[in-house]
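Thanks, everyone, for making the time. I would like to talk through one helix crossing and then a few aromatic rings, so please keep the structure open while I speak.

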Amino acid sequence: MQFFSKAHVYDFMSKRYIALAVSAVLFFGSLFLMATKGFNYGIDFSGGTLIQVKYDSAVSLDKIRAALAKDEAYKNASVTEFGSAEEVTIRFSGANSNLGSDVGASVAELLKDTGKFEIRRTDVVGPKVGDELREKGVMALAISLVGILIYIAFRFEWRFAMAAVASEIHDVVITMGAISFFAVDVNLDTLAAILTVVGYSLNDTIIVFDRIRENIKSSKSTHLDTIINESVSATLTRTILTSGTTLITVVVLFLFGGDMIHGFSLALIVGIVIGTLSSIFVAAPMLLWFKFSVEKYRAMEAEKARVQREKDKQRAMFEKGTI
């Protein structure tokens with residue numbers, strides 16, 4: 001079933017300046033948020049201890065805080081609800097050598113008079129481990145972007161590579177801005193979501209670029225904006241179906257998956273929406289801004305084809321023994 005006619009071409013490039021303005025606001029707004037508000041680093045990156053406690057009935061957070069304050073090691077603990085009034089998380093920032101070897105048992109002893117409960121999980125990460133995870137996370141993101149640059153430069157052309165990487169940086173920054181704005185805990189799950197956004201956005205961009213490259217060879221037009229409109233319009237049905245079904249799945253995870261994956265699914269929701277739009281309104285128009293020439297590209301491809309034909313001719317003559 002086709003939602004859009006193959007023959008119909010939508011004029012996306014006429015809206016590129018509006019899209020650029022919106023993207024710029026989101027991009028620099030995200031940078032501002034990250035610089036001023038920062039991130040709410042989870043245990044994975046900040047180090048410390050997180051304990052999840054499940055009560056049989058609703059419990060007062062003040063009552064829990066008062067119980068923990070009886071011990072000097074826990075008096076500065078952060079206590080928050082975790083999805084419901086019956087479930088709470090207790091967080092200790094940084095390392096504390098006074099916590100003892102069995103933190104869960106110590107906390108359970110302090111909370112024994114607050115109601116009937118069970119300790120669901122206890123996560124302990126040292127500050128050095130947290131710093132190392134954070135550094136490796138940033139390194140993984142940087143290496144992925146460099147890998148994308150090299151891959152696309154070889155597969156397409158350096159302007160395509162620069163446009164794709166700029167688009168990826170745009171998507172990652174806006175996604176991280178949303179994470180900062182909504183105060184999502186930044187942990188390994190969130191990092192996995194960001195890397196997933198990079199891969200998903202790249203896939204959309206590669207499909208659009210593939211069609212642009214094909215249309216440069218087959219289209220009668222010499223105007224790049226016309227070719228881009230033809231290419232994006234030709235891939236629009238696929239983009240809507242793929243992004244729409246993926247987005248529906250992630251939204252269901254966000255609504256019904258529980259607090260454990262809220263950060264992961266929220267980052268994916270923002271990343272899928274921004275990544276899909278950026279492949280059309282950021283990556284493709286950048287070929288125009290980088291002064292990509294249709295005529296030069298066609299001449300280069302024609303020269304490559306001529307050289308290949310000459311090689312094939314010489315190989316055939318060699319096999320026949322004529323040279």
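Before I come to handedness, let me fix the term: a crossing is called right-handed if the near helix is turned clockwise from the far one by less than a right angle, and left-handed if anticlockwise. Please bear in mind throughout that this is a predicted model.

With that convention, the crossing of α6 and α9 is right-handed. The axes of the two helices, α6 covering residues 158–181 and α9 covering residues 262–289, come within 9 Å and cross at roughly 150 degrees; since angles over 145 degrees count as roughly antiparallel, α6 is therefore roughly antiparallel to α9. On the α6 side the contact includes F160, A163, H170 and I174, and α9 contributes, among others, G271, I274, G275 and M286. Sorted by class, this contact has 13 nonpolar, six polar and two charged residues.

Now to the rings, where the count comes to six aromatic pairs. One of them joins Y10 and F12, whose ring centres are 6.1 Å apart with the planes at 50 degrees, so this pair is tilted. Y10 is partly exposed, at a relative accessible area of 27%, whereas F12 is buried, at 12%. For F27 and F28 the centres lie 5.3 Å apart and the planes stand at 90 degrees, which means an edge-to-face pair, and F28 is exposed, with a relative accessible area of 55%.

Which residues do ring pairs link into a cluster? They are Y10, F12 and F281.

Notes:
Residues are numbered from 1 along each chain as its sequence is written. This is a predicted model: local features need pLDDT of at least 70, side-chain atom pairs count only at pLDDT 80 or more; totals for chains, interfaces and linings use all residues. Side-chain values use heavy atoms; hydrogens and water are left out. Axes are lines fitted to C-alpha atoms, for helices over the stretch in contact, and angles run from 0 to 180 degrees between N-to-C directions. Helices (H or I, at least four residues) and strands (E, at least two) are DSSP runs, numbered from the N terminus. Angles under 35 degrees count as roughly parallel, over 145 as roughly antiparallel, 65 to 115 as roughly perpendicular and the rest as oblique. Contact means heavy atoms within 4.5 Å. Ala, Val, Leu, Ile, Met, Phe, Trp, Tyr, Cys and Pro count as nonpolar, Asp, Glu, Lys and Arg as charged, and the others, Gly among them, as polar. Rings of Phe, Tyr and Trp (its six-membered ring) pair if their centres lie within 6.5 Å; planes under 30 degrees apart count as stacked, over 60 as edge-to-face and the rest as tilted. Buried means under 20% relative accessible area, exposed over 50%, partly exposed in between (1.4 Å probe, protein chains only).
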